[in-house]
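Colleague: I am new to this structure and would enjoy a close look at one part of it. Please take me through the strands and how they pair.

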Amino acid sequence: MTLAPGEADLSTELSQAIAARVREELARRRLSRQALADLAKISISTLEKALAGRRPFTLATTIRLEEALGAPLRAPAREAASPSPGLAPETLGAYSRTAVAWLQGEYLTLRPSFEDPTAVFAYRTEIAWEEASSSLAFREAARQDADFTQKGLVSLSNQSGHIYLVTNEQGQFRLVILGRPAIGGEMYGVLATLQAGQGSHLTPAAAPIAFIPLRRVTQPAFGRITAGGAHYDDYRQTLARVTDKDFARFFPGGAA
């Protein structure tokens with residue numbers, strides 16, 4: 001069978017280079033894959049399979065994508081051989097450094113105290129670009145329990161729009177899921193971690209969590225903040241927003 005002009009598959013190397021450019025454009029423009037497929041008048045299935053490497057791009061598909069994005073996607077093979085600087089791996093959302101500049105900075109981080117349910121645990125989290133991983137990374141500081149200070153990488157999903165702070169230490173995971181920032185830059189969500197007990201005992205635990213730009217807090221207090229302490233009422237009200245404003249939901253267990 002003879003293929004019509006434009007229907008022939010592009011080479012594997014060129015297809016991989018085009019996929020990388022498309023992911024970069026999606027991250028830079030905060031555009032969903034479905035939206036791009038609609039603009040290019042191709043099926044979402046075709047786009048997903050090509051981006052995942054399960055099928056090569058065709059010339060016709062590539063031209064439609066270039067017209068939809070208003071940007072060239074084909075480049076010399078030697079250019080494509082090197083990963084684009086300032087672009088996160090696809091496993092983290094393939095976002096570009098410039099597209100996530102708004103997320104970088106220091107945050108006051110609040111969650112309930114696991115030892116005292118009436119108290120609030122407060123510490124600092126810094127989010128910054130890390131050259132070694134070519135992605136955003138986070139690092140905690142000013143924790144009262146310094147031995148449990150966390151660090152890891154930041155993933156951004158084009159599909160959900162949520163932000164994930166992932167710690168992976170020798171296969172042991174800790175995860176923070178945050179919604180998009182509110183108008184003041186605050187982010188609210190869920191922490192899934194392990195609570196330390198007696199000896200080496202660890203128990204899976206989940207709790208609401210809030211990230212507030214540190215520049216917006218006057219003389220922040222860190223550590224375990226109890227009733228009557230500095231900022232206690234403000235911190236409690238801030239944490240309450242996680243569920244009050246439906247940033248996250250906690251479902252009760254028990255038999256049906």
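Colleague: Let me begin with one pairing: which residue in β9 is the bridge partner of A122?

Modeller: Happy to help: the bridge partner of A122 in β9 is G223. Before we go on, please note that this is a predicted model, in which local features need pLDDT of at least 70, side-chain atom pairs count only at pLDDT 80 or more, and totals for chains, interfaces and linings use all residues. Residues are numbered from 1 along each chain as its sequence is written, and side-chain values use heavy atoms, leaving out hydrogens and water.

Let us stay with β2. Strand β2 covers residues 120-130 (strands are DSSP runs of E with at least two residues, numbered from the N terminus). Its pairing with strand β9, residues 223-225, is antiparallel and has three bridges (two strands pair if DSSP finds at least two bridges between them). The A122 and G223 partnership belongs to this pair of strands.

Strand β1, residues 105-112, is also joined to β2. These two run antiparallel as well, with eight bridges between them. If you would like a place to look, find Y107, whose bridge partner in β2 is T125.

Next comes β3, which spans residues 135-141. β2 and β3 pair in the antiparallel sense through seven bridges, and I127 has F138 in β3 as its bridge partner. The two strands make a hairpin, with four residues between them. In that turn sits S134, which has a positive phi of about 50°.

From β3 we can step across to β4, residues 151-156. Three bridges hold this antiparallel pair together in the list of bridges. Here A137 is matched with L153 in β4.

The walk then continues from β4 to strand β5, residues 163-169. Four bridges link β4 and β5, again in the antiparallel sense, and S155 finds its bridge partner in Y164 of β5. β4 and β5 form another hairpin, this one with six residues between the strands. G161 lies in the turn and has a positive phi of about 80°.

One residue of β5 deserves a pause: T167 lies in this strand. T167 has a relative accessible area of 2%, so it counts as buried (buried means under 20%, with a 1.4 Å probe and protein chains only). Leaving aside residues up to four places away in sequence, T167 touches F138, Q150, K151, G152, Q172, F173 and R174 (a contact means heavy atoms within 4.5 Å). You have already met F138 as the partner of I127.

The side chain of T167 also has polar company. It makes a polar contact with the side chain of Q150 at 3.5 Å, and it reaches the backbone oxygen of K151 at 3.1 Å. (A polar contact is a pair of N or O atoms within 3.5 Å; within protein, one must be able to donate a hydrogen and the other to accept it, and residues adjacent in sequence count only if both atoms are side-chain atoms.)

To retrace the route on your screen, start at β1 and cross to β2, then visit β9 from β2. Return to β2 and follow the hairpin to β3, step over to β4, and finish through the hairpin to β5, where T167 is waiting.

How values were computed: Buried means under 20% relative accessible area, exposed over 50%, partly exposed in between (1.4 Å probe, protein chains only).
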